[in-house]
Amino acid sequence: DDLSCIPSVINGLERYIDSKKIIYAQGCDVLCNTTTGFANATATAKQADIIFLLMGLNQQVEKEGIDRSNISLPGYQQNLA
C-alpha cells in the first residue's frame with residue numbers, strides 16, 4: 001500500500017499558495033493517543049486567517065478485515081476539533 005505518489009495536503013496547498021504564507025502544526029497523529037501537540041496546534045491556528053483541520057482514519061485503524069465497533073474519531077481527535 002505505497003501511497004507516496006499522492007501529494008500531502010501541504011504539498012497541494014503549495015501549488016496555489018506561496019509556501020512562506022503557510023504555517024503548519026500537527027496536533028496529533030491518526031491514533032491520537034496523546035494531547036501533547038494540541039497547545040502548539042491551537043496557538044498556530046490562532047495566527048492563521050484560514051484553518052484546515054484534517055482528521056479521520058487510515059488503514060492502520062480500519063480496512064478490509066479490520067472493522068471498528070463504533071464510528072467515533074480515534075483517540076483524542078474530537079477533543080482537538
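Which element gives the largest share of the lining of the largest pocket? Keep that in mind while looking through these close-ups of a predicted model.

**View 1. The largest pocket and what lines it.**
Here we look into the largest pocket, with a volume of about 1100 Å³. There are 33 lining residues, and Tyr 24, Ala 25, Phe 52, Leu 53 and Leu 54 are the closest to the pocket's centre. Three elements each give two or more residues to this lining: α1 (9-14), α2 (38-46) and α3 (77-80). Back to the opening question: α2 has the largest share, with four residues. Sorted by class, the lining holds 22 nonpolar residues, eight polar ones and three charged ones.

**View 2. A nonpolar patch on the surface.**
Four residues make up this patch: Val 9, Ile 50, Phe 52 and Leu 54. Together they have about 440 Å² of accessible area. Have a look at Phe 52, which sits in the loop between α2 and α3. With a relative accessible area of 53%, Phe 52 is over the 50% cut-off, so it counts as exposed. You may recall Phe 52 and Leu 54 from the previous view, where both are among the residues closest to the centre of the largest pocket.

**View 3. Lys 21 and Ala 48.**
Lys 21 belongs to the loop between α1 and α2. Its relative accessible area is 67%, so Lys 21 is exposed. Now find Ala 48, which is 27 residues away from Lys 21 along the chain. In space, the C-alpha atoms of these two are separated by 9.4 Å.

**View 4. Cys 32, a buried loop residue.**
This one is also about the loop between α1 and α2, where Cys 32 lies. Is Cys 32 buried or exposed? It's buried, because its relative accessible area is 0% and the cut-off for buried is under 20%. Check the backbone too: phi of Cys 32 is near 50 degrees, a positive value in a residue other than glycine.

**View 5. Asn 58 and Leu 31.**
Asn 58 is in the loop between α2 and α3. Its relative accessibility is 29%, so Asn 58 counts as partly exposed. The partner to look for is Leu 31, 27 residues apart from Asn 58 in sequence. From C-alpha to C-alpha, Asn 58 and Leu 31 are 9.1 Å apart.

**View 6. Gly 75 and Thr 34.**
For the last stop, go to Gly 75, in the loop between α2 and α3. How far apart are Gly 75 and Thr 34 in space, C-alpha to C-alpha? The gap is 7.7 Å, while in sequence Gly 75 and Thr 34 are 41 residues apart. As for its cover, Gly 75 has 48% relative accessibility; that falls between the 20% and 50% cut-offs, which means it counts as partly exposed.

Methods
Residues numbered from 1 in each chain as written. Predicted model: local features only at pLDDT ≥ 70, side-chain atom pairs only at ≥ 80, totals over all residues. Heavy atoms only, no water. 1 Å grid on protein atoms, 1.4 Å probe; cavity = no way out; pocket = protein on both sides within 12 Å on 5 of 7 lines; lining within 4 Å. Points joined across faces, edges and corners; volume = space filled by probe spheres on them. Nonpolar A, V, L, I, M, F, W, Y, C, P; charged D, E, K, R; others polar. Patch = residues over 30% accessible without salt bridge, like charges linked within 9 Å, V, L, I, M, F, W, Y side chains within 5 Å. Areas by Shrake-Rupley, 256 points an atom, 1.4 Å probe, with all protein chains shown as cover. Salt bridge = Lys/Arg side-chain N within 4 Å of Asp/Glu carboxyl O. Buried < 20%, exposed > 50% of the residue type's maximum accessible area, 1.4 Å probe, protein only.
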